[in-house]
Amino acid sequence: MDNEDPEMQTITTLDITDARKLIEGARNHADKIGVPMCIAVTDNAGNLIAFERMEGGKVTSTTIAIDKAYTAAAARKATHEYGEASQPGKPAYGINSAIGGRLMVVAGGLPVTADGTVVGAIGISSGTPTQDLEVARAALAHFSA
């Protein structure tokens, strides 16, 4: 992870090494459940660091995975939390149409945190929302191990 001050070891954002480890964890779990995924990792501002479309991952899921990671990083919350809050009558109703439709409200985007601070995010797409979230959680577990 990039450090603001190497002596303090304050983590501010993910780097390419971190992204590769997250992708590895996601890929391993996607292989385990037999669902090829699109996997995106962003920095703390939602800028893409790395992306992988596994063999057989849906082409249409490319943008969705990237936007799930963007949403999780920029909003500092999981995409499925937006899904719940964006229903009619809820406080974030219609949020999914903001920013040109880039905000995702479907499970599979999770922030990556260090010391309680969002340092990046991962977005997964190609399976069901439950599978996407499961793979994202497995990536975070692999990253933390």
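**Exercise 1. Describe the place of D115 in the loop between β5 (109-114) and β6 (117-125), and state whether D115 is buried or exposed.**

Solution. The model is predicted, so local features need pLDDT of at least 70 and side-chain atom pairs pLDDT 80 or more, while totals for chains, interfaces and linings use all residues. Residues are numbered from 1 along each chain as its sequence is written, and side-chain values use heavy atoms, with hydrogens and water left out.

Step 1: the elements β5 and β6 flank the loop that holds D115, where strands (E, at least two residues) and helices (H or I, at least four) are DSSP runs numbered from the N terminus.

Step 2: with a relative accessible area of 75%, D115 is exposed (buried means under 20%, exposed over 50%, partly exposed in between, with a 1.4 Å probe and protein chains only).

Step 3: although D115 is not a glycine, its phi is positive, at about 55°.

**Exercise 2. Locate R76 and classify its accessibility.**

Solution. Step 1: R76 sits in the loop between α2 (61-75) and α3 (79-85).

Step 2: R76 counts as partly exposed because its relative accessibility is 43%.

Step 3: phi of R76 is near 65°, a positive value in a residue other than glycine.

**Exercise 3. Describe the surroundings of T42 in strand β3.**

Solution. Step 1: T42 belongs to β3, which covers residues 38-43, and T42 is buried, because its relative accessible area is 0%.

Step 2: leaving aside residues up to four places away in sequence, T42 touches several residues, among them L14, I49, Y70 and G120 (contact means heavy atoms within 4.5 Å).

Step 3: A69 also touches T42, and the backbone oxygen of A69 lies 3.5 Å from a polar atom of the T42 side chain.

Note on methods. A polar contact is a pair of N or O atoms within 3.5 Å; within protein, one must be able to donate a hydrogen and the other to accept it, and residues adjacent in sequence count only if both atoms are side-chain atoms.
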